[in-house]
Amino acid sequence: MQSLYVSFLLNIGLTAMAFKLVNKVKSTKHPHGFGTAKHAVIIGVDGMGGIYLRNYTSHLPAIQSFFDHGASTTESRNLLPAKSAPNWAGYLTSMTVPQSGVFSKLWVMDDSDTSKMKTHHPPGSSRGPRPQTIFSVLKKQKASAKTSLYFTMSWLVEIAKKNQDIDYWFWGHEGISCGDNETETHCENRQDWNVQQRAIEGIERDQPTLTFIQLESVDAAGHTSHWASKSFYDMLKDTDKKIAGLLEALEKTNTSSGKSMLSETIVAVIADHGGYGNDHGVRAPSIPEIYVPILFRGPGIRKINLDKYELDRRYISTLDAPVTILNALGVKPGTYMRGRVLEEIYED
């Protein structure tokens with residue numbers, strides 16, 4: 001009888017141990033695509049609404065390459081309000097607007113000045129002045145990772161300044177001022193080219209782990225004329241040339257392994273909002289404003305039109321892009337991040 005009792009206890013112990021081991025295996029299992037890339041380059045095109053891009057890609061060879069060789073959606077949902085600052089914050093944090101605290105470009109990094117408190121909502125992810133970002137999550141898990149941020153939109157200075165998680169940042173306005181008789185679109189286009197050239201230099205020099213690039217002139221063209229105007233599409237074609245130059249730089253840059261950097265990089269093209277008429281975010285949300293493209297190319301990523309993927313899984317949000325990119329770099333989502341890894345862009 002005693003031996004049966006001992007055997008019973010032993011079986012219970014072995015079962016409990018097996019249960020713990022199974023749970024441990026499950027808890028360490030990563031989503032598809034985890035660690036498939038050594039580098040990530042995110043190219044954000046301000047104002048490039050999904051419905052305006054969908055039927056125009058034949059005029060945009062660089063962007064078309066993402067549809068031909070990677071995963072694509074032109075119907076990802078952005079965050080409301082359909083404005084730039086909340087949505088760039090969404091891509092940088094994978095947080096909703098109330099979580100990040102960024103309701104508009106009036107958000108400022110320093111919340112110690114009480115005169116600014118009417119326009120500043122503290123982030124829900126920390127007691128500090130800046131929300132958790134893809135840069136801070138990457139650095140926390142991979143301290144040696146190199147990070148860079150290049151942008152034309154002045155509000156992004158609030159993310160970049162005094163940010164120890166960004167190794168190098170550049171604002172496209174530096175060295176370029178707008179002429180008295182120059183349109184906003186033309187001036188911001190020159191600043192975008194300034195951003196592109198600095199980003200290429202940084203890619204070739206540092207081969208950063210994570211590079212975030214934001215371009216502004218497409219949005220300026222929409223405001224100056226209107227979305228879907230000739231000026232809008234002309235600026236979109238010029239932006240495509242900038243993207244082509246970035247892809248070429250990645251292809252020509254060799255890593256320490258002797259491979260092309262492009263072959264080891266997940267590249268994403270994203271947008272913050274579209275527009276209707278010559279504005280956005282000032283009326284009830286409309287499809288031209290809230291549908292935005294998210295395009296991926298990179299190691300292990302298959303050709304797939306996510307807009308035609310299984311209907312019960314096709315909902316894609318701005319918040320999904322940052323965690324998908326971190327996952328490709330072998331980094332787990334941050335504690336406060338709310339997006340899902342888009343595992344469907346990889347083969348099962």
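Biologist: Two strands pair if DSSP finds at least two bridges between them. With that in mind, which strand is joined to S1 by 6 bridges and contains isoleucine 266?

Modeller: A word on the model first: it is predicted, so local features need pLDDT of at least 70 and side-chain atom pairs pLDDT 80 or more, while totals for chains, interfaces and linings use all residues. Residues are numbered from 1 along each chain as its sequence is written, and side-chain values use heavy atoms, without hydrogens or water. Helices (H or I, at least four residues) and strands (E, at least two) are DSSP runs numbered from the N terminus. Alanine 40 stands opposite isoleucine 266, and the parallel partner of S1 over these 6 bridges, residues 265–270, is S6.

Biologist: What is the bridge partner of isoleucine 43 in S5?

Modeller: Strand S5 spans residues 210–215 and runs parallel to S1, with 6 bridges between them. Within S5, isoleucine 43 is matched with isoleucine 213.

Biologist: How many residues of S1 are buried?

Modeller: Buried means under 20% relative accessible area, exposed over 50%, and partly exposed in between (1.4 Å probe, protein chains only). His39, Val41, Ile43 and Val45 point one way, Ala40, Ile42 and Gly44 the other, and all are buried. Strand S1 (residues 39–45) is therefore largely enclosed by the rest of the structure, and the buried count is 7 of 7.

Biologist: Which elements cover the buried residues of H9?

Modeller: Helix H9 (residues 217–224) has 6 buried residues out of 8, among them Ser217, Val218 and Asp219. Their cover includes S1, H8, S5 and H10.

Biologist: Where does the side chain of asparagine 87 reach, and at what distance?

Modeller: Asparagine 87 sits in helix H4 (residues 84–93) and counts as buried because its relative accessibility is 0%. Beyond its neighbours within four places in sequence, asparagine 87 is in contact (heavy atoms within 4.5 Å) with residues including Asn78, Pro81, Asp272 and Thr318. Its side chain reaches the backbone nitrogen of leucine 79 at 2.7 Å.

Biologist: What is omega for the peptide bond between leucine 80 and proline 81?

Modeller: Proline 81 belongs to the loop between strand S2 (71–77) and H4. The bond joining leucine 80 to proline 81 is cis, with omega about 5°.

Biologist: Is lysine 162 buried or exposed, and what is its relative accessible area?

Modeller: Lysine 162 is in the loop between helix H7 (157–160) and strand S4 (168–171), and has a positive phi of about 55° although it is not a glycine. Serine 94 also has a positive phi of about 55°, but serine 94 is buried at 0% relative accessibility. Lysine 162 is exposed, with a relative accessible area of 75%.

Methods. Polar contact = N/O pair within 3.5 Å; in protein donor to acceptor, adjacent residues only side chain to side chain.
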